[in-house]
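Student: Got a minute to go through this one with me? I'd like to talk about contacts and packing.
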Amino acid sequence: MLRIPCPFCGPRDHTEFSYEGDATVVYPALDASEEAWFEAVFLRDNPRGAHSEVWHHIQGCRSFLIVERDTLTHEITGARLAHRPTAEALK
Amino acid sequence: MSGYRLARGGIVERARPLGFTWDGRAMQGLAGDTLASALIANGERIVARSFKYHRPRGVMSAGPEEGGALVTVGAGPRREPNAKATQVELCQGLVAGGQNAWPNVRFDLGRVNDVFGRFLAAGFYYKTFIGLGRGTAQWMFFEKFIRKAAGMGSASREPDPDSYDIVHDHCDLLVIGSGPAGLAAAELAASHGLDVMLVEQDFALGGALLASTETIEDQPAAAWLSARLAALKDVRILPRTTAFGLYDTNVVGLYQRVTDHVSSADPALPRGNFRIVRPARIILASGAIERPVAFGDNDRPGVMLAGAMATYVNRFGVAPGRRAVIAGNGDSVYNDAIALARAGIATTLLDAREIAPPELAQAATAAGVEVRSGYLPVEVQGRSSVNGLQIGRPARDGHIRPERALPCDCIGISGGWSPALHLLSHRGAKPVWNAEMACFLPGTTPAGVAVAGSVAGVWRTEDCIAHGRAAAADAVKALTGKKPRAARAPEPGGWANPIEPLWEVTVPGRKLKSFVDPQHDVTTSDVRQAAREGYVSPEHMKRYTTLGMATDQGKVGNVIGLALLAEALDQSIPETGLTSFRPPYTPVPIGAFAGRARDRHWQAERQTPMHAAQVHDGAVWLDAGLWKRAWYHPAQPGEGLREAYVREATAVRRSVGLIDVTTLGKIAVQGPDAAEFLNRVYVNGFGKLPVMKCRYGVLLRDDGIVFDDGVTWRLGEHEFMTTTTTAHAATVMAWFENLLQTRWPELRVNIASVSDQWGGAAVAGPRARTTLQAALAPDATGGDISNQGLPFMGITHARLKVADGEIPVLIARISFSGEMAFEVYAGSGHAAAMWRALLAQVKAQGGCAYGMEALGALRIEKGHVTAAELDGRVTLEDAGLGRMASTKKPFIGNVLRKRPDLARDDRPQLAHFQPVTEGETFAIGAVVCAEDEVKGHGLGWITGATVAPALGGWLGIGFIKGGPQAWEGKTVVIADPVRGAEIKARVASPHQYDPKGERMHG
């Protein structure tokens, strides 16, 4: 069981969250090229070690979080709100 | 000779006899007994038959490492197979018996398997039935006989009558094991204010202390134990609780047995608790497990671990026999032999080492033990019981030279000790081989987990205590910053004299049947055979031989098996490696993982606010996800599905019908950028949608495939309510949240699910307006539902007359059926009253309530798509919705939907299918094929089929390559190989019914 430190709810079991993919992907503008969209939607790195991931606190505060997780050890070193304006306001 | 109860000794309560039943025979034990100790006390030798060979087996240990006494406990729906008698706490009325035997374990006809044993060697399953073609058929024929002959007990086929709870727990420090190290750790940590949980798998606390005759810190072991327990009043102590798994972030799975040991348990209590603990720190003080030695017939009833023998004498006051031989290779067996001798058992001690440690030998001799050094056990004499042990000495050439047999009726074996480091292995921590002590020791432990005591290879009791305190002091320091005084942790070791590694005793020219894993009937020759056949990795050897699998999880034979494999490969043990131990450490009832989530609590049941009213009227129900939806509404009791839905759908086409549409997902989308947000997510535009108008929209995924559809209502300049399909209500909500939080944080939009806040019903049919008009109260500000006042896709506020007054409602002119229709929404609290009021008017107009089946019939006829069509493979064009896509604005999925393969015009596209011959039907899932090529995946598939209420006859909707454009009017074959049907059908446009939409718009 992973424990994810939600900025709103504190450390919670990962079973409250749903995994939403790679946080390093930058989605292009809606009218960007097919190549740009193809890359964003289909191409993923499979890093060994430190990784940024999106997790949705779906059974909690419904925040999307950027979680720093080591894919090798499962160690979670941090979690912040994906929504930048709210993250700023919380500081 | 059999076992018996000693006249004195042990911590069993001699004044509290407990009656129990073994194999149908009444027996008596004492409070404090395990089933194993009670069986020994009652003189039962053979208590089990082995897995493959049906060899007679007795009790082999006194703990979870038991590989012999696997028994079935309980009866009826509570029958539990493969319980280890050594872990079953005796209680009044306990019912238990032998398994894998017929008629019983003492006289078992299956024992012929032992004679044919050479056919059942390692890899039997894999090799015997390999053959061209015939293998599979033979296997299927023989399997049921083989499975019957070889196996374990059988579980009850009835539902589990017990309940279980799942408990979420937290603590500062979790101490696993209540032996000397665990007790010392818990006491020190609690005295410094830590919130400590101490768990012990046994029903009695104390671990090895329970059978100890030592003096500890100047007190007898029992007194030291009592003093520690008295000092633990602030510690949460959980006996009968096994830490069965250690998981990421040090979450621990515990199983706590609550009522197994209670004769007539309070039915309100759960049988057990699955506790999920999230400790800040863990001290693993799980002890060590004694290893046997492989020698001839070392599985005979009467052969057990040396330490277990001493435990039976010292803790349970039972003797395994009258004349014992103890054979070992280290110092620990001396205390065992002394314990037996003091209990009046004639005891001979064989020390494999050439020179017996003089001090230990002296003490043993003084207690009456005959000590013989340099001797090894060679082969047990006797079949269903032990009547002697042939012993041998190593000759100069290194081989064992057998000598005479020592008469005896029980044999205690020790091949050394293996730390119980299974939980560390669950976290992937690799153990490290220690050649000097001939065992694996914990290597680097996971952060936050410390080991203490013999699990760390610390053997002396006082060192274990010091180790526990040192580990606890570390935990206190890490969690509080305080620095408690504690001695430094001891180094592994502590035996005065080195152990002499001993795995197997072999004699040249003699074939001995020597067991490595008695639970799975794995012998030393099986291990060697695996090596010969190329299974040289321990993981492969394990699977090929089944050594250490299932409930054993490597407790008994893993190290011997590994050593033999290493020897066969002529390499060292560290080079050979070790298999991983997996959770659970000991078996956990499946019911414990389910907890209360079974039967109706398995998942939530969602009922709309109109549910009870429809139940009252006799609706038949269907599951739609978690929702209960009315399938059909029988006009009279006994009306079947087909009659009912055709009648209901016909009513909608001809007069009026009413359906509960509450289950649609409803999302409030509010804020200055709400219209911009909707423009980005829907393929069509919402920016110019007037206030109090609604519009059908389609969502795509990023990859351009259709995700969901629904109607969005504009209730104000910055306020929308968007509806989703019932199936995708939650996923669309999460998708919108995702976009707003991660991709477009600049948009000033808030969304909230309002699915449960509104109840909705659709009034549909040519008389829908008349019906609804009659239900409405006069309203100065709204409620005009005429074609001018409320045109197609218009919205109005209105007041509805209900039984006890009026309620406010919101009405939109939306049609899913293809008829003139109104969706009427009320706050959930008013929705039941709304349903009743509308249904009364519908009935007054000659209509009726309709359910899901009729809804399906209507939408199939109209050619509207649902989740059955929008299955994650379908594009806008495939679904016939291509014209909806805006060319004036970008939207999610617009780029990738234009990929060449998604734009091909020979893709499967939506169409209608009608049987050529009247009266024929086909079913959902059937394959659409060309007439001259009825095979494979064909050209398409059927997603919906129904009696067509207006078009008449049977009607299907589905997909066909090229779509109606290529196939309209042509004949295809609808093949249903599973149900064995091939029906000729004509392809048509899915928009046959009222193609101009005059009925909806009128």
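Tutor: Sure, we can start with the interface and then turn to the packing; keep in mind that this is a predicted model.

Student: How many residues does each chain put into the contact?
Tutor: Chain A brings 23 residues and chain B brings 22 residues.

Student: And which elements of chain A give two or more residues to that side?
Tutor: Those are α1 (34–42), β4 (50–56) and α2 (84–90) of chain A. The most comes from α1(A), with four residues.

Student: What's the chemical make-up of chain A's side there?
Tutor: On the side of chain A that touches chain B, 13 residues are nonpolar, four are polar and six are charged.

Student: New topic: why is α19 of chain B largely enclosed by the rest of the structure?
Tutor: Because six of the eight residues of this helix (residues 674–681) are buried. The buried ones are B:Ala674, B:Ala675, B:Phe677, B:Leu678, B:Asn679 and B:Val681.

Student: What do they pack against?
Tutor: The buried residues of α19(B) pack against several elements of chain B, including β37 (693–700), β38 (706–716) and α20 (729–743).

Student: OK, cores. How many residues are in the largest nonpolar one?
Tutor: It has 176 residues, and B:Ala185, B:Ala189, B:Val196 and B:Ile283 have the most contacts inside it. Helix α11 (residues 461–480) of chain B supplies the largest share of this core, nine residues.

Student: What does B:Ala185 touch?
Tutor: Leaving out residues up to four places away in sequence, B:Ala185 touches B:Val175, B:Ile283 and B:Gly468, among others.

Student: And which residues belong to the other core?
Tutor: That one lies apart and has 124 residues, among them B:Ala644, B:Phe707, B:Cys848 and B:Ala975.

Technical notes
Residues numbered from 1 in each chain as written. Chains lettered and ligands numbered in written order. Predicted model: local features only at pLDDT ≥ 70, side-chain atom pairs only at ≥ 80, totals over all residues. Contact = placed C-beta atoms within 7 Å. Nonpolar A, V, L, I, M, F, W, Y, C, P; charged D, E, K, R; others polar. Buried ≥ 20, exposed ≤ 12 C-beta atoms within 10 Å, placed from the backbone. Core = buried A, V, L, I, M, F, W, Y, C linked by C-beta atoms within 7 Å.
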